[in-house]
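Me: I'd like a close look at one small part of this model, then a walk outwards from there. Keep it informal, but give me the cut-offs behind the terms as you go.

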Amino acid sequence: MTQLIDGKAISAQIKEELKERVATMKERGVEVTLAVIQVGNDPASSVYVGNKKKACAYIGIHSLAYELAEETSEEELLKLIDELNEKKDVNGILVQLPLPKHINEEKILDRIHPLKDVDGFHPQNVGSLCIGRKGFVSCTPAGIIQLLKRSGISVEGKECVVIGRSNIVGKPMALLLLQENGTVTVAHSKTRNLKEVTRRADILVVAVGKPKMITAEYVKEGAVVIDVGIHRNEQNKLCGDVDFDDVAPKCSAITPVPGGVGPMTIAMLMNNCVESVALQK
Ligand code: NAD
């Protein structure tokens, strides 16, 4: 029987744990505050920001919303980040991406103080992950490690293949699997004989950004398959990078879309906000 890795249930469990931690912190007079900045009103970004605010409210994290006009200049945004960096009562700063074209995303993300960078995108946090030091880790890959751990799947000694080498998913995922003592291969758009590489995997993480690209022939019998992709198909239904119906019978465990990796990202963002208090001490 294939184990269905239930991201909805696991993320709910993490949120409950965080809610309790935040309540205990409040009893000691410690409040957690997240500043969320959105520039412009891209509808998808508004949904993501709304979900983050809702999660904060549920857990007891105080959220500050900065909804800036599309025409906001890079200088204005940098100034706001500088102000929030200075504020002792702001623990986390999150800038919703994508930013309007006239703003340099890299410059903005680099300006967030590494100890307030709850998205884990700052080069200092990426460097810390690389050499195994404390710091914020990108939420989606951190969530995948929690999915594996809380589903009783050990990484140690396993052949792990990550398809995709983006800065926010593929690369940090590979580093985290290495930290868990996996034997890690990163495959990408220039990989030759992709199927041969992926068929070696005991744990296959797919972050390729192509709907249903990964079919059963890419997967070894009994592998664990983690699907990071999110797409809408022609019927407006959500699907992943993995062809679930084709692949699931061949695996020992698999994440569905929706209800797999997706809900973990916000849960780990909330976790980073709570952790920020200790890191800032
Ligand atoms: P990306 O486009 O930045 O990276 C895709 C990667 O796939 C690239 O590194 C590329 O080298 C590789 N790739 C592309 N075509 C390939 C091919 N034919 N063979 C092998 N490798 C190939 O995407 P991303 O930001 O890493 O996101 C990947 C997917 O995950 C997207 O569907 C995205 O929507 C989704 N995503 C989901 C969450 C979540 O919370 N669930 C978070 C982030 C991203």
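Where does Leu 204 lie?

Reply: Leu 204 lies in strand β7, which runs over residues 203-206. Strands here are DSSP E runs of at least two residues, helices are H or I runs of at least four, and both are numbered from the N terminus. Before going on: this is a predicted model, so local features need pLDDT of at least 70 and side-chain atom pairs count only at pLDDT 80 or more, while totals for chains, interfaces and linings use all residues. Residues are numbered from 1 along each chain as its sequence is written, and side-chain values use heavy atoms, with hydrogens and water left out.

Leu 204 has a relative accessible area of 1%, so it counts as buried. The scale is under 20% for buried, over 50% for exposed and partly exposed in between, with a 1.4 Å probe and protein chains only. Leaving out residues up to four places away in sequence, Leu 204 touches Val 161, Ile 163, Thr 198, Ile 214, Tyr 218, Val 219, Val 224, Val 225 and Ile 226. A contact means heavy atoms within 4.5 Å. Glu 159 is 45 residues from Leu 204 in sequence, but their C-alpha atoms are 8.5 Å apart in space.

Strand β7 is also part of the cover over helix α7. The buried residues of α7 (170-179) are Gly 170, Pro 172, Met 173, Ala 174, Leu 176 and Leu 177. Besides β7, what covers them includes α5 (123-130), α6 (139-150), β5 (159-163) and β6 (183-187). Just past the end of α7, Asn 181 has a positive phi of about 70 degrees.

Turn to α5 and the cover runs the other way, with α7 among what lies over its buried residues. Those buried residues are Asn 125, Ser 128 and Leu 129. They span an arc of only 100 degrees around the axis, so they sit on the same side of α5; the arc is that of the directions from the helix axis to the C-beta atoms. Gln 124 and Cys 130 are exposed on the other side. Gly 132, just after α5, takes a positive phi of about 75 degrees.

Now for the nonpolar packing. A nonpolar core here is a set of buried Ala, Val, Leu, Ile, Met, Phe, Trp, Tyr and Cys residues joined through side-chain atoms within 4.5 Å. The largest one has 51 residues, and Leu 34, Ile 61, Leu 177, Val 205 and Met 270 have the most contacts inside it. Helix α10 (262-280) gives the most to this core, with nine residues. Domain 1 (28-115) and domain 2 (139-262) both give residues to it, so the core lies between them; the domain bounds come from an automatic or database domain assignment. A second, separate core of 18 residues includes Val 161, Ala 187, Val 225 and Cys 251. Val 161 and Val 225 also appeared among the contacts of Leu 204.

Back in the largest core, Ile 61 touches Val 22, Val 32, Leu 34, Cys 56, Met 270, Cys 273 and Val 274, again not counting residues up to four places away in sequence. The centres of the two domains, taken over C-alpha atoms, are 29 Å apart.

Helix α10 also meets α6. Their axes come within 8 Å and cross at roughly 100 degrees. That makes α6 roughly perpendicular to α10. Axes are lines fitted to C-alpha atoms, for helices over the stretch in contact, and angles run from 0 to 180 degrees between N-to-C directions. Under 35 degrees is roughly parallel, over 145 roughly antiparallel, 65 to 115 roughly perpendicular, and the rest oblique. The residues that meet are Cys 139, Thr 140, Ala 142, Gly 143, Gln 146 and Leu 147 in α6, and Met 264, Thr 265, Met 268, Leu 269 and Asn 272 in α10.

Last, some loop geometry. The loop between β11 (253-254) and α10 holds Pro 258, and the peptide bond from Val 257 to Pro 258 is cis, with omega near 0 degrees. After β7, in the loop leading to β8 (224-227), comes Lys 212. Lys 212 isn't a glycine, yet its phi is positive, near 55 degrees. Its relative accessibility is 41%, so it counts as partly exposed.
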